[in-house]
Amino acid sequence: DFQTIKQNFRLDRDNLKSYDSKNMDWYYLEGKLFCADVIKGDAIEKVLSSKQNGQSLNISWEHSANMKIHQFRIDSIKREIDPGSVNVQWNGTVIDIESEGNDDISVPALGDFKLIDINVVQQPEQYIRIHFSDPLLKNQNLNGLVNLNVGDLRFIVEENELRAYPAVRQVGTKEIKIESGIKNIKGFKSQEQTVMNLMFEEIKPNIRLTGNGVILPKSDGLI
């Protein structure tokens, strides 16, 4: 006897990213669809769509050899003078799967340099992933601007993303403070302070945790 796997899928997406450090007018968005069982590429591509200002956006795909993981990239998401949004919609009914939903993702206005998201990556190496609206200046001194109450942090800047690595693996709830003054690629400084509690856990596969926090107006380092 054998059991048939009930077909389903799960969507996991990243944050908006700039194409390069010289052009902050456009974003792209990457993500993956994880399937319980095999779904052919041409079928899964029918599930996902994306629009900005009512216009459909181009989606490119890469499919794993076992046809259970399908990576997508939504291109040409435009930043405009005013804040906007991009809608990502998935509808499994087109391939007889009862799963559907949509996600409205905020698109920051041009010139609006700010922190977008913070989460903890648990493995293979534990670090805090801090995502900004603009690419960051690579060779800036971040000491004192990002603080975790566990000691010194090691930093890596990659386009819009700042990665902060604790010296040793952490467990439990820790408070992170991100001060104003972090610079984007053009040298403009962030104007808000962020205070957030993050949860660090023992190693578990595919876990990403986001804390609950508040973004405060610039207050000369005082909370």
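Two strands count as paired here if DSSP finds at least two bridges between them. I start with that because the sheet I want to show first rests on it. The model is predicted, so please keep that in mind throughout.

The sheet first. By that rule, 4 strands form an open sheet, and their order is β5-β4-β8-β9. The pairing is antiparallel. In general, strands of a sheet pair through backbone hydrogen bonds, in either a parallel or an antiparallel way. At the edges stand β5, residues 55-56, and β9, residues 100-107. Each of these has a single partner strand, so one side of each is left without a neighbour in the sheet. Inside the order, strand β4, residues 48-52, pairs with strand β8, residues 84-91, over 4 bridges in the antiparallel sense. If you want one position to look at, take Ser-50: its bridge partner in β8 is Val-88.

Next, the aromatic residues. How many aromatic pairs does the structure hold? The count is 4, and I will go through two of them.

One is Trp-61 with Phe-72. The ring centres are 5.8 Å apart and the planes are at 55°, so this pair is tilted; the tilted class ends at 60 degrees. Trp-61 lies in strand β6, residues 59-63, and Phe-72 in strand β7, residues 69-78, so the pair ties together parts that are 11 residues apart in sequence. Are these two side chains buried or exposed? Trp-61 has 16% relative accessibility and counts as buried, because the cut-off is under 20%. Phe-72 is buried as well, with a relative accessible area of 2%.

Another is Tyr-127 with Tyr-165. Here the centres are 5.0 Å apart and the planes are at 35°, so this pair is also tilted. The pair links distant parts of the chain, with Tyr-127 in strand β11, residues 127-132, and Tyr-165 in strand β14, residues 161-166, which puts them 38 residues apart. Tyr-127 counts as buried at 10% relative accessibility, and Tyr-165 counts as buried at 7%.

Tyr-165 has a further contact. Arg-154 lies over the face of its ring, at 4.2 Å from the ring centre. A second arginine is placed over a tyrosine elsewhere: the charged end of Arg-73 sits over the ring of Tyr-28, 4.2 Å from its centre.

Now the empty space. Which cavities turn up in a search of the whole structure? There is 1 cavity of 30 Å³ or more. The largest cavity has a volume of about 40 Å³. Its lining includes Gln-52, Asn-53, Lys-78, Arg-79 and Glu-80, along with Asp-82, Pro-83, Gly-84, Ser-85 and Val-107. By class, that lining has 2 nonpolar, 4 polar and 4 charged residues.

Last, an open site. The second largest pocket has a volume of about 290 Å³. It is lined by 20 residues, and those nearest its centre are Arg-13, Asn-15, Ile-105, Ser-106 and Ile-116. The elements that give two or more residues to this lining are β9, β10, residues 115-121, and β11. Of these, β9 gives the most, with 5 residues. The lining divides into 8 nonpolar, 5 polar and 7 charged residues. So β9 appears twice in this talk, because it stands at an edge of the sheet and also contributes to the lining of the second largest pocket.

Terms used: Residues are numbered from 1 along each chain as its sequence is written. This is a predicted model: local features need pLDDT of at least 70, side-chain atom pairs count only at pLDDT 80 or more; totals for chains, interfaces and linings use all residues. Side-chain values use heavy atoms; hydrogens and water are left out. Rings of Phe, Tyr and Trp (its six-membered ring) pair if their centres lie within 6.5 Å; planes under 30 degrees apart count as stacked, over 60 as edge-to-face and the rest as tilted. Buried means under 20% relative accessible area, exposed over 50%, partly exposed in between (1.4 Å probe, protein chains only). A charge sits over a ring if NZ of Lys or CZ of Arg is within 6 Å of the ring centre and within 35 degrees of the ring normal. On a 1 Å grid over the protein atoms alone, a cavity is a set of points where a 1.4 Å probe fits but cannot get out, and a pocket is an open set with protein on both sides within 12 Å along at least five of seven lines; lining residues have an atom within 4 Å of a point. Grid points are joined across faces, edges and corners, and a volume is the space filled by probe spheres set on the points. Ala, Val, Leu, Ile, Met, Phe, Trp, Tyr, Cys and Pro count as nonpolar, Asp, Glu, Lys and Arg as charged, and the others, Gly among them, as polar.
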